[in-house]
Amino acid sequence: MKNVKDGIVGLVVGDALGVPYEFKPRKYFEDHPVTNMDGYGTHNQPAGTWSDDSSLTLATIDSLTSCGLDYEDIMKKFYAWFIDSDYTATGEIFDMGISTRNAIIKYGEGESPILCGGNGERDNGNGSLMRILPAAYYLHGKSMETEDAMEIIHNLSSLTHNHIRSKISCGIYVNIALKLLNNDIGLPLIEVIKNGVEDAVDYYNSKKEYSDELNHYFKRIINGEIYNLSCDKIQSSGYVTATLEASIWCLAQTDNYKDSILKAVNLGYDTDTTASVCGGLSGIYYGYDNIPKNWLSEIENINQIIDLCDNFEETL
C-alpha cells in the first residue's frame, strides 16, 4: 500500500501554498505568479499555515484511526475544531465555509450526523470534496461491494454537504484516488484518472437518481474534454464541480507534484482548496519524496501531521 502521507501531506502542502492568495483574481497571477511557499497575504498567516481543508481532513483520519468508521465521532472532531480550534495549524480558525459552519452548528444542536449537511442547490461548495481523501485510504484494499463503498463516500460528504452534486463529486474524486492507490504497474497519470472516472460513472449511470445529474454537470469530465481545455475555460471558484474539474486539469497539464500545485494556485480565486484537492491526488501519484523539501520544511506542525498519517496507516 502507498504511504498515507503521500496524499495527505500532498493535500496539506497544496492548501498551505494557496492560503495567502485565496480570493485573488486570475489576472493578478499573470503579473505576480506564485513560485514558492509564501506567507501572510489574504489571511495574514505565516508561511506554511494550512486552512480548514487540512484541519477537517486531519480530523477525519484521526477519527478513522481511533474509532473506525463512526460518523458521530467524525462530527465530534469537527465540532472540536469549530469550538476549540483542534486540528488547526496555529490554534486559530481563519477560514470556514458557510455550509460547513451550518452543518456543524446543526450537529451541536443535536441533529444526526449524516443529516447535518445542507441539500439545497446553494449547498454545493467544495467543503466536502476538500476533506474526502481519507475515504480512499479507508476503502483501499477492503473487499466491499461498490454500492457499500459509494454509500460510505456519500455519507462522509453528507456530514456537511448533502446535495447529490457534492456526493457525485466526492464519488468521482475518491474513485480516482483509489485507482492511483492501486497503480502498482505505473500507468500514466491521465490514464489512471480516466479509469477512476469510468468506475464512478458506471456506478452513477446505473442509478436513475444520479444519472441525470451526472450527465448534466460532469459532462466535460466524462467525455474527456477536461484534459485538453485552455486555461480560460477552467473555473477555480469554490463551486464543487469547478474545483473537481480544476484539480483534474492541473494534473493533466503537468508532470510533477510541484508544477501541478503551482498551476492550481495560479488559477486564482479558491487557491487553497483547488491546490489541496489537486495536491491529494498529485501526492499519491508522485509520492511524498517528490514534494519540494523546502516547502515541507515550512509546514506548521509537519511532524504531528506525519504522526497522524503513520497512525492511520498502521490502523489500516
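1. The loop between α2 (26-31) and α3 is where N44 is found, and in this predicted model its phi angle is near 55°, a positive value in a residue other than glycine. N44 is also exposed, because its relative accessible area is 55% and exposed means over 50%.

2. A second asparagine can be read alongside N44. N301 sits in the loop between α15 (293-296) and α16 (302-315), and its phi is likewise near 55°, a positive value in a residue other than glycine. N301 counts as partly exposed, because its relative accessible area is 28%, which lies between the limits of 20% and 50%.

3. Another loop residue to look at is I185, which is placed in the loop between α8 and α9. With a relative accessible area of 70%, I185 is exposed. When I185 is set against Y269, the two are 84 residues apart in sequence, and their C-alpha atoms are 36 Å apart in space.

4. Turning to the interior, which residues have the most contacts inside the largest nonpolar core? They are V9, V13, I132, L133, I172, Y204 and I299, in a core that has 104 residues. Helix α8 (residues 164-181) provides the largest share of this core, namely 10 residues.

5. One of these core residues, Y204, can be followed through its contacts. Leaving aside residues up to four places away in sequence, Y204 touches M150, H154, K167, I168, G171, I172, Y210, S211 and L214. One of these partners, I172, is itself listed among the core residues with the most contacts.

6. The next points concern charged side chains. Side chains of opposite charge can pair when their charged atoms come close. In this model the count comes to 9 salt bridges, and three of the pairs are described here in turn.

7. D73 and K77 join their side chains in a salt bridge with an N to O distance of 2.9 Å. Both residues belong to helix α4 (residues 71-84), and because they are 4 residues apart there, about one helical turn separates them. Are these two residues buried or exposed? D73 is buried, and K77 is buried as well.

8. The side chains of E121 and R165 also meet in a salt bridge, with 2.7 Å from N to O. This pair links distant parts of the chain, since E121 lies in the loop between α5 (98-108) and α6 (134-139), R165 lies in helix α8, and the two are 44 residues apart. E121 is partly exposed, with a relative accessible area of 48%, whereas R165 counts as buried because its relative accessibility is 2%. Together with E213, E121 and R165 are linked in a network of salt bridges.

9. A third salt bridge joins the side chains of E147 and K207, again with 2.7 Å from N to O. Here too the pair links distant parts of the chain: E147 is in helix α7 (residues 146-158), K207 is in the loop between α9 (189-205) and α10 (208-217), and their positions lie 60 residues apart in the numbering. E147 counts as partly exposed, because its relative accessibility is 38%.

10. The last two points deal with empty space. Rolling a probe the size of a water molecule over the atoms shows where empty space is left. The largest pocket holds about 410 Å³ of space, and 24 residues line it, with G97, I98, N126, G238 and D270 nearest its centre. The elements that give two or more residues to this lining are α3 (52-67), α5 and α14 (271-286), and of the elements α5 gives the most, with 4 residues. Sorted by class, the lining of the largest pocket has 6 nonpolar, 10 polar and 8 charged residues.

11. The second largest pocket contains about 280 Å³ of space. Its lining is made of 14 residues, of which M144, T146, A149, N175 and L178 lie nearest the centre. Helices α7 and α8 each supply at least two residues of this lining, which by class has 5 nonpolar, 5 polar and 4 charged residues. Helix α8 therefore appears in more than one point of this note, as it gives the largest share of the nonpolar core and holds R165, by the helix numbering used here.

Notes
Residues numbered from 1 in each chain as written. Predicted model: local features only at pLDDT ≥ 70, side-chain atom pairs only at ≥ 80, totals over all residues. Heavy atoms only, no water. Core = buried A, V, L, I, M, F, W, Y, C linked by side-chain atoms within 4.5 Å. Buried < 20%, exposed > 50% of the residue type's maximum accessible area, 1.4 Å probe, protein only. Contact = heavy atoms within 4.5 Å. Salt bridge = Lys/Arg side-chain N within 4 Å of Asp/Glu carboxyl O. 1 Å grid on protein atoms, 1.4 Å probe; cavity = no way out; pocket = protein on both sides within 12 Å on 5 of 7 lines; lining within 4 Å. Points joined across faces, edges and corners; volume = space filled by probe spheres on them. Nonpolar A, V, L, I, M, F, W, Y, C, P; charged D, E, K, R; others polar.
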